[in-house]
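Reader: I have a model to look at and some terms to check. Can we go through them one by one?

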Amino acid sequence: MKRFLFPLIILAVLGGFGFIAWQQNWFGLRGAKDAGTRQQETAGEGTSPDNAEPSGGVVALGRLEPAMGVVDVLGTPGDRVVELNFKEGDAVEAGKEIGHFESRSLRQLEVDLAQTQLREAESRLTAELDAAQKKLASAKIAEEGGVELAELEVLSQAGQVELLKLHRDQAKADLARLEKLNSTPTVLVSKQEVEHQALLATKAAEEVDAALAALERLKKGNALKQKTSAADRIAAEAGVEQARHVFPIETLKKQLALAEERFKQATITAPVDGTVLKIYAPKGSSVTQRPVLQIADLTQMVCIAEVHDNEIHRIREQQEVVIESRTFQDSSGKPQVLQGKVSLIGRTVANPALAAIDPYAPVDRHVIDVRIDIRPE
């Protein structure tokens with residue numbers, strides 16, 4: 001009896017070891033069977049005639065994402081959400097206000113202050129510029145008028161000099177005639193008349209010299225006046241430029257732009273057209289490092305499939321893909337599938353982000369992301 005019991009125990013041990021080996025896929029038996037089953041039950045992609053594969057399609061896990069990605073709407077940490085006019089699932093338009101933070105009232109005061117400072121500076125600048133430009137205009141008139149008046153004065157004095165020269169020459173001629181008559185044997189003029197005419201000639205010559213000196217002084221004075229007028233004009237021009245720069249208009253404009261930008265940051269605005277996916281900071285809550293909410297355009301969706309690196313050589317762009325999930329149902333509750341095409345094959349190999357459903361799937365596998373554009377219909 002013991003002789004037959006020992007072989008039975010050995011057979012039982014071997015049978016148990018074989019079952020464990022099959023369960024744990026030590027020799028690749030279960031993987032081969034599952035691969036064959038998956039090829040029979042699921043077609044992961046269609047193939048074109050040029051890229052046809054002899055075996056079945058590639059099966060991979062995937063996740064659905066908006067084609068344009070998910071947009072985070074952020075806020076300043078420490079601020080507080082005071083108003084939020086939309087809820088999860090609502091459609092929003094790009095640029096439309098959907099709420100605001102507690103700091104918006106303070107930011108509005110900053111904008112008002114910057115606007116007031118800018119208006120006051122512009123008013124003062126206008127007044128200063130007006131006064132400086134009037135002073136400049138007066139300086140230009142004085143300079144131009146001074147030149148014209150100086151020319152007229154010089155001409156007048158020069159004419160006076162010429163007239164005095166004529167009087168001098170006439171007096172000299174009269175003196176010469178009287179002296180000639182006085183030198184004749186017959187006394188036709190008295191000595192007193194000759195002396196009187198000599199005095200007149202001397203006086204006329206002195207008047208000419210005085211007029212010439214006055215003309216020279218007038219020319220020098222006019223030149224000095226012209227320099228003074230030019231200096232006044234230059235000073236007036238400098239006053240205009242100084243008036244333009246004494247008020248920091250550009251700085252105040254930038255301060256206003258900065259205040260307006262801070263005001264915008266205190267307002268929650270939809271950056272894109274889309275649907276509110278998730279609200280992380282509801283009304284009354286403080287803003288943290290997390291987004292206030294997330295928005296995405298759900299009209300265009302893609303599937304990111306994690307294809308095993310050993311099977312990526314079987315994937316080609318523009319291949320037809322069938323996407324299946326238990327959540328895909330029509331209005332009557334019947335299962336549906338989504339159709340798509342491979343649009344991009346990733347260039348990096350990484351650990352999978354999705355956990356495999358099969359408990360016997362290897363945990364040390366590596367995958368490559370493949371982007372699949374889902375058909376619009």
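Author: Start with one pair of strands. In this predicted model, β9 (residues 301–308) and β12 (residues 367–374) run antiparallel to each other.

Reader: What makes β9 and β12 a pair?

Author: The cut-off is at least two bridges. β9 and β12 share seven bridges, so they count as paired. Within this pairing, Ala 305 stands opposite Val 370 of β12.

Reader: Which sheet holds β9 and β12?

Author: An open sheet of five strands, in the order β1-β9-β12-β11-β10, with antiparallel pairing.

Reader: Why are β1 and β10 called edge strands?

Author: β1 (61–66) and β10 (320–329) each pair on one side only. From one strand to the next, the twist averages 40°.

Reader: Which residues line the second largest pocket?

Author: Among them are Ala 67, Gln 300, Met 301, Arg 371 and Asp 373. β12 gives the largest share, three residues. β9 and β12 each supply at least two. The volume is about 180 Å³.

Reader: What makes six residues of that lining nonpolar, and how many are charged?

Author: Ala, Val, Leu, Ile, Met and Pro are among the types that count as nonpolar. The lining has six nonpolar residues, two polar and three charged.

Reader: Where is the pLDDT below 50?

Author: Over residues 24–55. Helix α2 (residues 29–41) has the lowest mean pLDDT of the elements, 39, and strand β8 (residues 293–296) the highest, 94. The chain mean is 80, with 83% of residues at 70 or more. Where pLDDT is low, predicted coordinates should not be read in detail.

Technical notes: Residues numbered from 1 in each chain as written. Predicted model: local features only at pLDDT ≥ 70, side-chain atom pairs only at ≥ 80, totals over all residues. Heavy atoms only, no water. Helix = DSSP H or I, 4+ residues; strand = E, 2+ residues; numbered from the N terminus. Axes fitted to C-alpha atoms, helices over the stretch in contact; angles between N-to-C directions. pLDDT = per-residue confidence, 0-100. Contact = heavy atoms within 4.5 Å. 1 Å grid on protein atoms, 1.4 Å probe; cavity = no way out; pocket = protein on both sides within 12 Å on 5 of 7 lines; lining within 4 Å. Points joined across faces, edges and corners; volume = space filled by probe spheres on them.
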